[in-house]
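Please open the model in your viewer and keep the selection panel at hand. The tour proceeds from one selection to the next.

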Amino acid sequence: MTEPLLAPARQRRMPPIVVALLLQVLGAALTVGTAYPLASAGLTMPPLGAAFMTGAYAAILARLARLDTWWLVIQLCFAPLVVVASAASLPPWIWITLFMALVAIYWSTFRTQVPLYLSSIKVRQALVPLLPTGRFTFMDVGSGVGGVLTDLAASRSDGEYHGIESAPFPWLVSWLRIRTGGHRNCHAHLGSLWNQDLSKYDVVFAYLSPVPMAALWAKVQREMRPGTMFISNSFTISAAAPDRVVQVDDLHQSRLHIWTRR
Ligand SMILES: C[S@@+](CC[C@H](N)C(=O)[O-])C[C@H]1O[C@@H](n2cnc3c(N)ncnc32)[C@H](O)[C@@H]1O
């Protein structure tokens with residue numbers, strides 16, 4: 001059975017990467033349309049010039065399509081980078097290796113729109129005093145390379161820590177980290193957070209992106225028991241103000257948004 005990686009509401013939308021690719025094709029078509037009359041007049045465009053024109057068209061189209069700002073930069077640079085990389089005449093195995101490495105690390109980020117980035121050390125430290133007194137169960141949904149789990153387990157050995165991660169390479173790193181660190185109370189699972197039953201946990205921690213937050217909140221409300229705690233690093237929920245916010249003095253001035261289930 002294929003595991004759902006996206007919240008149901010998001011599955012109906014075309015992922016931005018597909019939109020971006022279509023706009024690149026459109027940008028290339030517009031470049032051909034521009035270059036052809038110029039060539040007829042004896043003005044030939046060098047490949048890099050054509051690539052920059054394609055990038056510029058694609059970036060303008062991305063703006064009109066209301067893609068996020070970072071897509072504009074990607075759109076602008078994509079075609080020129082392809083031309084530069086082709087000119088470098090690197091052996092083909094480099095590209096396939098690079099591609100496989102990126103797939104293992106980012107897996108279905110193009111669909112989930114939740115890339116891998118890590119909670120800062122200060123965020124992990126700020127989580128410790130928020131943990132319940134006595135024995136408790138903790139779940140990191142989208143656990144990345146497992147740093148939150150192992151750090152908390154080192155500080156509070158009376159907790160039972162679980163992480164669910166969909167991308168194979170980060171999951172493997174967390175699994176090795178837990179094994180080599182001897183953290184018997186830590187468990188890293190490979191799979192989708194949408195298939196996890198959150199009713200089993202006293203604390204659920206998330207550091208994802210704005211995209212899945214509404215669906216995650218619906219899941220939290222459906223499954224988490226009264227008195228349990230949902231903590232989101234950085235990303236909040238428009239429908240429900242947090243009960244408490246902890247400001248963390250790290251590079252990003254991260255905020256921990258905390259909801260206690262009623
Ligand atoms: C921003 S990272 C956070 C890593 C870690 N929790 C931390 O705070 O350092 C988010 C992680 O969630 C994973 N992820 C995204 N969608 C997921 C899903 N549907 N199920 C499980 N993991 C997911 C991504 O692969 C990524 O590793």
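Which residue stands opposite V204 of β4? Select M139, which occupies that position. Helices (H or I, at least four residues) and strands (E, at least two) are here DSSP runs, numbered from the N terminus. The model is a predicted one, in which local features need pLDDT of at least 70 and side-chain atom pairs count only at pLDDT 80 or more, while totals for chains, interfaces and linings use all residues. Residues are numbered from 1 along each chain as its sequence is written.

Next, display β4 (residues 203–206) with strand β1 (residues 136–141): the two run parallel and are joined by four bridges. Strands count as paired if DSSP finds at least two bridges between them. Add strand β5 (residues 229–233), which pairs with β4 in the parallel sense, also over four bridges. Within β5, I231 is the bridge partner of F205. Now include helix α10 (residues 213–223); with β4 and β5 it makes a right-handed β-α-β unit. Right-handed means that, with the strands pointing away from the viewer, the path from the first strand over the helix to the second runs clockwise.

Show the side chains of β4. V203 and F205 point one way, V204 and A206 the other, and all are buried; that is, 20 or more other C-beta atoms lie within 10 Å of a residue's own, whereas 12 or fewer make a residue exposed and values in between partly exposed, with C-beta atoms placed from the backbone. In a regular strand the side chains alternate between the two faces of the sheet.

Then select the contacts of F205 (C-beta atoms, placed from the backbone, within 7 Å). Leaving aside neighbours within four places in sequence, they are L127, F138, M139, D140, V148 and I231. The largest nonpolar core, a set of buried Ala, Val, Leu, Ile, Met, Phe, Trp, Tyr and Cys residues joined through C-beta atoms within 7 Å, has 37 residues, of which V204 and F205 touch the most other members. A second, separate core of ten residues includes A20, A59, A62 and L76.

Move on to helix α2 (residues 16–40) and select A28. Why does A28 count as partly exposed? The reason is that A28 has 18 C-beta neighbours inside 10 Å. Add A79, 51 residues from A28 in sequence but 8.9 Å away in space, C-alpha to C-alpha.

Finally, display the whole protein chain, with its ten helices and seven strands. Its C-alpha trace spans about 80 × 40 × 40 Å along the principal axes.

How values were computed:
Two residues are in contact if their C-beta atoms, placed from the backbone, lie within 7 Å.
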